[in-house]
Amino acid sequence: MSKIYAIIVAAGKGERMLSNISKQFLLLSGKPILLYSLELFDSLDEIEAIVLVVASEDFSFVRNNLLLSGNLKKKVQIVQGGSNRQQSVLNGLTALDDDADFVMIHDGARPLISRQVVLNIISESLDHDALAVGVPVKDTIKIVDSQNFVVSTPKREELWIIQTPQMFRREVIFEAHVKAMSDGFIGTDDCILVERLGHNVKMIKGSYHNIKITTPEDLVIAQELINNKGVIE
Ligand code: CTP
Ligand code: MG
């Protein structure tokens, strides 16, 4: 049986949220945002253990408060974050146990990831080096230049919004992160780091509800989605 570990990155400052408290600790229905994904991965038999990447100033709150309030069963290893998301993921990858075959990397700022979507990505993982959850775009997307003139209009049916989790063979994503660092390449997700080494990435269709909590209006939308849980895909 291959061993799957989860890395949850939650070491960001949440600057666009404009809140005193880091956004991953804000409450939705009385529960900290970060606890939603922690509890989901904790509840899955397929996941061996969780590596939780947080800022060093949040270590004591996470250890003495958040993890205890969550009543979690699995081992949660706390790792210090880096100055950007990519560095935080690399810190998590470096901390993984040697027996990890696959790693599932998830943003702590995406509390509405559904159990079924996580199971879907796991069920396809044996056939691929890299997989990512996403959804087809609903809007038409334009490429725009620095003067705000439209350069081109990509075909909508070829465009997807990329989300997390993104799942990889451990050695593939580790090599890709080390290579990116030595090249000075910073990507906006983890897949791009394996794409640039020529690996195929399999998209797994997820849910439009799996939003990343980024700005204050996302909190309102997420709360509304939770209130109407019956309609969550
Ligand atoms: N993240 C991280 N370490 C960083 C930056 C981001 O672990 N140095 C995490 C965030 O905590 C979040 C995820 O990466 O779970 C996605 O990042 P983003 O939504 O950009 O969060 P923040 O960087 O915290 O927000 P902002 O960019 O508005 O400051
Ligand atoms: Mg950020």
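What volume does the second largest pocket have? I looked this up first, and the answer is about 280 Å³.

**Setup.** I am working with a predicted model, in which local features need pLDDT of at least 70 and side-chain atom pairs count only at pLDDT 80 or more, while totals for chains, interfaces and linings use all residues. Residues are numbered from 1 along each chain as its sequence is written, chains are lettered from A and ligands numbered from 1 in the order in which they are written, and side-chain values use heavy atoms, with hydrogens and water left out.

**Terms for spaces.** I take a pocket as an open set of points, on a 1 Å grid over the protein atoms alone, with protein on both sides within 12 Å along at least five of seven lines. A cavity is a set of points where a 1.4 Å probe fits but cannot get out, and lining residues have an atom within 4 Å of a point. Points are joined across faces, edges and corners, and the volume is the space filled by probe spheres set on them.

**Second largest pocket.** I count twelve lining residues here, and Tyr36, Pro111, Leu112, Ile113 and Lys229 lie nearest the centre. Helix H1 (residues 33-42) gives the most, with three residues; helices (H or I, at least four residues) and strands (E, at least two) are DSSP runs numbered from the N terminus. By class I find seven nonpolar, one polar and four charged residues. Nonpolar here covers Ala, Val, Leu, Ile, Met, Phe, Trp, Tyr, Cys and Pro, charged covers Asp, Glu, Lys and Arg, and the others, Gly among them, are polar.

**Largest pocket.** I looked up the volume next and noted about 840 Å³. The lining has 35 residues, with Ala11, Gly12, Lys13, Gly14 and Arg85 nearest the centre. Strand S10 (160-169) is among the elements that each supply at least two of them, together with S1 and H3, and S10 has the largest share, four residues. The lining divides into seven nonpolar, 17 polar and eleven charged residues.

**Ligand 1.** What takes up the space of the largest pocket? I find ligand 1 there, by the rule that more than half of a molecule's atoms lie within 2 Å of the grid points. Around ligand 1 there are 18 residues, of which Val9, Gly14, Glu15, Ser88 and Lys212 come nearest; the shell takes residues with a heavy atom within 4 Å. Strand S1 (4-10) and helix H3 (85-94) each supply at least two shell residues. The shell has four nonpolar, seven polar and seven charged residues.

I then checked polar contacts (pairs of N or O atoms within 3.5 Å; within protein, one must be able to donate a hydrogen and the other to accept it, and residues adjacent in sequence count only if both atoms are side-chain atoms). A backbone N or O atom of Gly12 is 3.0 Å from a ligand 1 oxygen. For a polar backbone atom of Gly108 the distance to an oxygen of ligand 1 is 3.3 Å, and for one of Ala10 it is 3.5 Å. The protein covers 87% of the 560 Å² of accessible area (Shrake-Rupley, 1.4 Å probe) that ligand 1 has on its own.

**Cavities.** I count two of 30 Å³ or more. The largest has about 40 Å³, and its lining includes Tyr5, Lys75, Gln77 and Asp97. Strand S4 (residues 47-54) provides three lining residues, the largest share. The second largest holds about 30 Å³ and is lined by Arg85, Gln86, Gly187, Thr188, Asp189 and Asp190. I note no nonpolar residues in that lining, with three polar and three charged.
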